[in-house]
Amino acid sequence: MRRQSKKPNICPRCGYEVEKPEKTWHIMSPIPDSRGRVTITIMGVYICPKCGYKWRTTISKIKAGEDIEFEGRESEKTEEKPREGKIIEIDLSELDEV
Ligand SMILES: [Zn+2]
């Protein structure tokens, strides 16, 4: 049997609760659902400081729809300062992508 109700930062091997992920990133699903929302999945890699076990897990999922839009997908050219508006901010404790 497996228990999926645990937090993602619990070491599956020894049960230690890792405070911060080693690395995080997000994946945006390319296909919106029926309401035109896309799902952004926040992934993370944890390394257990106790036993050294390393695992990858889903930290959280965000649904982005009508009220959140992404700017600048087709306009890499930034002559003007980007419009202020709806920006999604994924603020995990640390996003130190390589
Ligand atoms: Zn561990």
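This report describes the fold of a predicted model and then turns to two residues that lie ahead of its strands in the sequence.

## Overall make-up

The secondary structure of this predicted protein comes to three strands and zero helices, and along the sequence these elements follow the pattern β-β-β. Of the 98 residues in the protein, buried residues make up 5%. Among the contacts in the protein with a separation of 6 or more, 48% are accounted for by residues that stand 24 or more positions apart.

## The sheet

The three strands form an open sheet in which the order is β1-β2-β3 and the pairing is antiparallel. Strands β1 and β3 are the edge strands of this sheet, since each of them pairs on one side only. From one strand to the next, the twist averages 20°.

Strand β1, which covers residues 23-28, pairs with β2 in the antiparallel sense, and six bridges join the two. One place to look for this pairing in the structure is Thr24, which stands opposite Gly44 in β2.

## The hairpin of β2 and β3

Strand β2 runs over residues 38-47 and strand β3 over residues 54-64, and these two strands pair in the antiparallel sense over 10 bridges. Two threonines help to locate the register: Thr39 has Lys63 in β3 as its bridge partner, and Thr41 has Lys61 in β3 as its bridge partner. Between the strands of this hairpin there are six residues, and Gly52 takes a positive phi near 85° in the hairpin.

## Arg13, ahead of the first strand

Arg13 belongs to the segment before β1. Is this residue buried or exposed? Arg13 is partly exposed, because 13 other C-beta atoms lie within 10 Å, whereas a buried residue would need 20 or more and an exposed one would have 12 or fewer.

Which residues does Arg13 touch, if those up to four places away in sequence are not counted? Arg13 touches Cys48, Cys51 and Tyr53. In the case of Tyr53, the two residues are 40 residues apart in sequence, while the distance between them in space, from C-alpha to C-alpha, is 7.0 Å.

## Asn9, in the segment before β1

Asn9 likewise lies in the segment before β1. Asn9 is partly exposed, because 17 other C-beta atoms lie within 10 Å, a count that falls between the limit of 12 or fewer for an exposed residue and that of 20 or more for a buried one.

When residues up to four places away in sequence are not counted, Asn9 touches Glu17, Val18 and Tyr46. Of these, Tyr46 falls within the residues 38-47 of strand β2. Asn9 can also be placed relative to Trp55: these two residues are 46 residues apart in sequence, and from C-alpha to C-alpha they are 9.3 Å apart in space. Trp55 itself falls within the residues 54-64 of strand β3.

Conventions:
Residues numbered from 1 in each chain as written. Predicted model: local features only at pLDDT ≥ 70, side-chain atom pairs only at ≥ 80, totals over all residues. Pairing = 2+ DSSP bridges. Helix = DSSP H or I, 4+ residues; strand = E, 2+ residues; numbered from the N terminus. Contact = placed C-beta atoms within 7 Å. Axes fitted to C-alpha atoms, helices over the stretch in contact; angles between N-to-C directions.
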